[in-house]
Amino acid sequence: MAESIDKEESKRHILQSVAEYYQAFMVPQPYENGSRISYASRVFNEQEMINLVDSALEFWLTSGRYTDQFEKHFANYLGVPYCSLVNSGSSANLLAFMALTSPLLNERAIKRGDEVITVACGFPTTVAPILQFGAVPVFLDVTIPQYNIDVSMLESAYSSKTKAVMIAHTLGNPFDLQAVKKFCDKYNLWLIEDNCDSLGSQYRINGIEKFTGTVGDIGTSSFYPPHHMTMGEGGAVYTSDSLLHKIIRSMRDWGGIVSVLQAEIIFAGIALT
Ligand SMILES: Cc1ncc(COP(=O)(O)O)c(C=O)c1O
């Protein structure tokens, strides 16, 4: 018992020192004419620095108390039931895409050679998972100056092999969600919203204000420093669909439910042995 009191006391002492350190050295200076303005600089307060050290003192290296709290609160903020934290926005995109290849989705599962509509001018890791898996990206133009998908081209991009649309909301400016969602609903396509650049943007769809990333089947976020919130590195995958959530969690946590690609590798391995 005495040991645990000492530990708490010692922790309190360290965190108090962190607060003093923050106040002495880390408080942002007010802007003055000629001050340097850093691109994507970190903005953090005393409490955030304390939380950082608190987490380090536990030395819990994998996802733990803070991850659970974050997933719950982030999902709550977005208005979705399920959120899974990952190590980057690119991993979030990979996981979101791979989830849609799960055999649990039956005939809706994306298979190699299936087509996924995306844009020709976008972020590389919005497209990389499609190629990595062996599906076929179908590139549409963007409109200028929005740099978002030209929705007038959607119908001409559709084929019997189309399974999904995977695109980003460009630099905080939502793409035409109403038109894209309507197109996806019409052909029973999955919609992945890469929300890495647009956290907090809202869109009125069917009379309801929703956060971008929560209208499609799966949304993704990045917490790399240039984005709205940062963990240094980090990302999140969110959905309102319980089956997709189950697949996402399983694949994130070492893949209890295998994807088609993984299953093929496993079966090929068995065939060789
Ligand atoms: C639209 C978009 N998607 C995905 C990513 C990848 O995020 P991360 O750098 O966390 O891998 C970024 C990164 O800037 C991005 O802008």
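Visitor: Which side chain does the side chain of Ser-222 join in a polar contact?

Guide: This model is predicted. In it, the side chain of Ser-222 makes a polar contact with that of His-227, at 2.8 Å. The Ser-222 side chain also reaches a backbone atom: the nitrogen of Tyr-224, at 3.2 Å.

Visitor: Where does Ser-222 sit?

Guide: Look at strand β10, residues 218-222. Ser-222 belongs to that strand.

Visitor: Is Ser-222 buried or exposed?

Guide: Buried means under 20% relative accessible area. Ser-222 has 9%, so Ser-222 counts as buried.

Visitor: Which residues does Ser-222 touch, leaving out those up to four places away in sequence?

Guide: Find Gly-89, Cys-196 and His-227 among them. Then add Met-229, Gly-234 and Gly-235. His-227 is also the polar partner from your opening question.

Visitor: Now for empty space. How many cavities of 30 Å³ or more does the structure hold?

Guide: Start with the general idea. Rolling a probe the size of a water molecule over the atoms shows where empty space is left. Here the structure holds 1 cavity of 30 Å³ or more. The largest cavity has a volume of about 30 Å³.

Visitor: Which residues line the largest cavity?

Guide: Thr-118, Val-119, Gly-122 and Phe-123 are among them. So are Thr-126, Val-127, Ile-167 and Ala-168.

Visitor: Which elements each supply at least two residues of that lining?

Guide: Two strands and a helix: β2 (115-119), β6 (162-168) and α5 (124-133).

Visitor: What classes of residue make up the lining of the largest cavity?

Guide: Sort the lining by class. There are 5 nonpolar residues, 3 polar ones and no charged ones.

Definitions and conventions
Residues numbered from 1 in each chain as written. Predicted model: local features only at pLDDT ≥ 70, side-chain atom pairs only at ≥ 80, totals over all residues. Heavy atoms only, no water. Helix = DSSP H or I, 4+ residues; strand = E, 2+ residues; numbered from the N terminus. Buried < 20%, exposed > 50% of the residue type's maximum accessible area, 1.4 Å probe, protein only. Polar contact = N/O pair within 3.5 Å; in protein donor to acceptor, adjacent residues only side chain to side chain. Contact = heavy atoms within 4.5 Å. 1 Å grid on protein atoms, 1.4 Å probe; cavity = no way out; pocket = protein on both sides within 12 Å on 5 of 7 lines; lining within 4 Å. Points joined across faces, edges and corners; volume = space filled by probe spheres on them. Nonpolar A, V, L, I, M, F, W, Y, C, P; charged D, E, K, R; others polar.
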